Amino acid sequence: MTSYILEQVRMIGGSEPVSILVEEGIISAIRRSFPQCRFMRVDVSPFIMGPTHVFCDLDYPGYLMDQGSMDDFISKGCTTILTAFHLEYEYRFEENWRGIKKTMESSPLDFIIGMKTTPQRITPGIIRQCRCRRVPVIWTDIMDIDALLAVPWGWIREALNHYPITFVPFFSTEPDTKTREKHLRIWQNTMKSVKIPHIGLPIGQKVPLHDEVMKKIGIYPHRGILSPGREISYNLYLENDEEGDLLVQDTQLVLKCTMSKGESLFLDGRPIACQGKGEEIIIRTPGFFVEPTPYRL
């Protein structure tokens, strides 16, 4: 890879344009300018720049046979997918984990692998296997509240000491509003009382993850930020274009380009992706950041 400078970069939420020095695919520095450097310069002043998106999609592995479905993610500025394997029996953990990992290796997008299961399968042994395989998040079915309350949460908390996995609720069948609110309230109170890392509400699917969620799981700062020491992955937008819109931080913007690790994934309305380009993102320390504010759908 070559070294170059992106000039007149207008960041989403930024007050003044900056310059970004990129060396070997990594952001070396962000300053107002680099007058002494003789690298190639690229003027991006017509655009607004922001980090690429991380989407959660528990069904994503099934889409890998459908290029159109992957294009849907890419055309929204997504370069990373948070997904999960389903665990029905404890003895099949390794088989199921290896299965989804092999499937995801054909993805054009980077990926993080979590686990999805019922309360009955949440045991210290499963936590140890998740820790061994660096599974940073466990989706827990909260339709059966009695099963949820029967989990030995004290033992689970002890097993989480060396790898604080984040727990996320989901409903295997969609309940009525009253039942949904009741179960979520019990979930939140239970997790708080036993001091288990958790997210209070189900994570939205096929939409950009909130910063609070990414911090809680440990995805941030691997994704969701443009800063020195990080890979050069970003989205470029235009304002007030009649072709379409994309809502980003309450501003109407149209996605024009997505760069992932220095390579183009989306350019002027056309997805450009190669099977197998995606890489697994290993979360070594889930929940590294301070407790975030409550997540809202």
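Among contacts in this chain between residues at least 6 apart in sequence, 68% join residues at least 24 apart. Keep in mind as you read that this is a predicted model.

## The chain as a whole

The chain has eight helices and 15 strands. Its C-alpha atoms fill a box of roughly 65 × 35 × 35 Å, taken along the principal axes. For 297 residues, a compact globule would have a radius of gyration near 19 Å, and the chain has 21 Å, which agrees.

Burial and surface come next. Of the 297 residues, 47% count as buried. The accessible surface of the chain comes to about 15000 Å², and 50% of that area belongs to carbon and sulfur atoms.

To get a feeling for distances, try finding two glycines. Gly262 and Gly154 are 108 residues apart along the chain, and their C-alpha atoms are separated by 45 Å. Gly262 sits in the loop between β13 (251–260) and β14. With 31% relative accessibility, Gly262 counts as partly exposed, because that value falls between the limits of 20% and 50%.

## Helix α7, side by side

Helix α7 covers residues 177–194. How far apart are the end C-alpha atoms of this helix? At 1.5 Å a residue, its 18 residues should span 26 Å, and the end C-alpha atoms are indeed 26 Å apart, which agrees.

Now look at which residues of α7 are covered. His183, Leu184, Trp187, Thr190, Met191 and Val194 are buried. These residues cover an arc of only 130° around the axis, which puts them on the same side of α7. On the other side of the helix you will find exposed residues: Thr177, Lys178, Glu181, Lys192 and Ser193.

What do the buried residues of α7 pack against? Their partners are the strands β9 (137–141) and β10 (166–170), together with the helices α5 (145–150) and α6 (153–159). Thr190 is a good residue to zoom in on, as one of the buried residues of α7. Its relative accessible area is 10%, so it is buried, the cut-off being under 20%. Leaving aside neighbours within four places in sequence, Thr190 is in contact with Leu149 and Trp153.

Both ends of α7 are worth a visit too. At the start, a side-chain oxygen of Asp176 reaches to within 3.1 Å of the backbone nitrogen of Lys178. Just after the helix, Lys195 takes a positive phi of about 60°.

## Helix α4

Helix α4 spans residues 124–132, and its buried residues are Pro124, Gly125, Ile126, Ile127 and Cys130. They pack against the helices α3 (93–104) and α6, and against the strands β8 (110–117), β9 and β10. After α4 comes Arg134, whose phi is positive, near 55°.

## Backbone surprises

Most residues other than glycine have a negative phi, and most peptide bonds are trans. A few places in this chain are therefore worth a closer look in the light of that general rule. The table collects residues with a positive phi.

| Residue | Place | Phi |
|---|---|---|
| Arg134 | after α4 | near 55° |
| Lys195 | just after α7 | about 60° |
| Lys206 | a residue that is not a glycine | about 60° |
| Asp268 | a residue that is not a glycine | about 50° |

Lys206 is found in the loop between α7 and α8, and at 33% relative accessibility it counts as partly exposed. Asp268 lies in the loop between β14 (263–267) and β15 (270–271). At 54% relative accessibility, Asp268 counts as exposed, because the cut-off is over 50%.

Which two residues does a cis peptide bond join? They are Tyr220 and Pro221, with an omega of about 15°. Pro221 belongs to the loop between α8 and β11.

## A buried arginine in a loop

Arg223 is placed in the loop between α8 (211–217) and β11 (234–239). Is Arg223 buried or exposed? Its relative accessible area is 8%, so Arg223 is buried, the cut-off being under 20%.

Who are its partners? Not counting residues up to four places away in sequence, Arg223 touches Val54, Thr80, Asp110, Met214, Glu231 and Ile281. With Thr80, there is also a polar contact of 3.0 Å between the two side chains.

Conventions: Residues numbered from 1 in each chain as written. Predicted model: local features only at pLDDT ≥ 70, side-chain atom pairs only at ≥ 80, totals over all residues. Heavy atoms only, no water. Helix = DSSP H or I, 4+ residues; strand = E, 2+ residues; numbered from the N terminus. Expected span 1.5 Å × (residues − 1). Buried < 20%, exposed > 50% of the residue type's maximum accessible area, 1.4 Å probe, protein only. Arc of directions from axis to C-beta. Contact = heavy atoms within 4.5 Å. Polar contact = N/O pair within 3.5 Å; in protein donor to acceptor, adjacent residues only side chain to side chain. Rg over C-alpha atoms; globule rule 2.2 N^0.38 Å. Areas by Shrake-Rupley, 256 points an atom, 1.4 Å probe, with all protein chains shown as cover.
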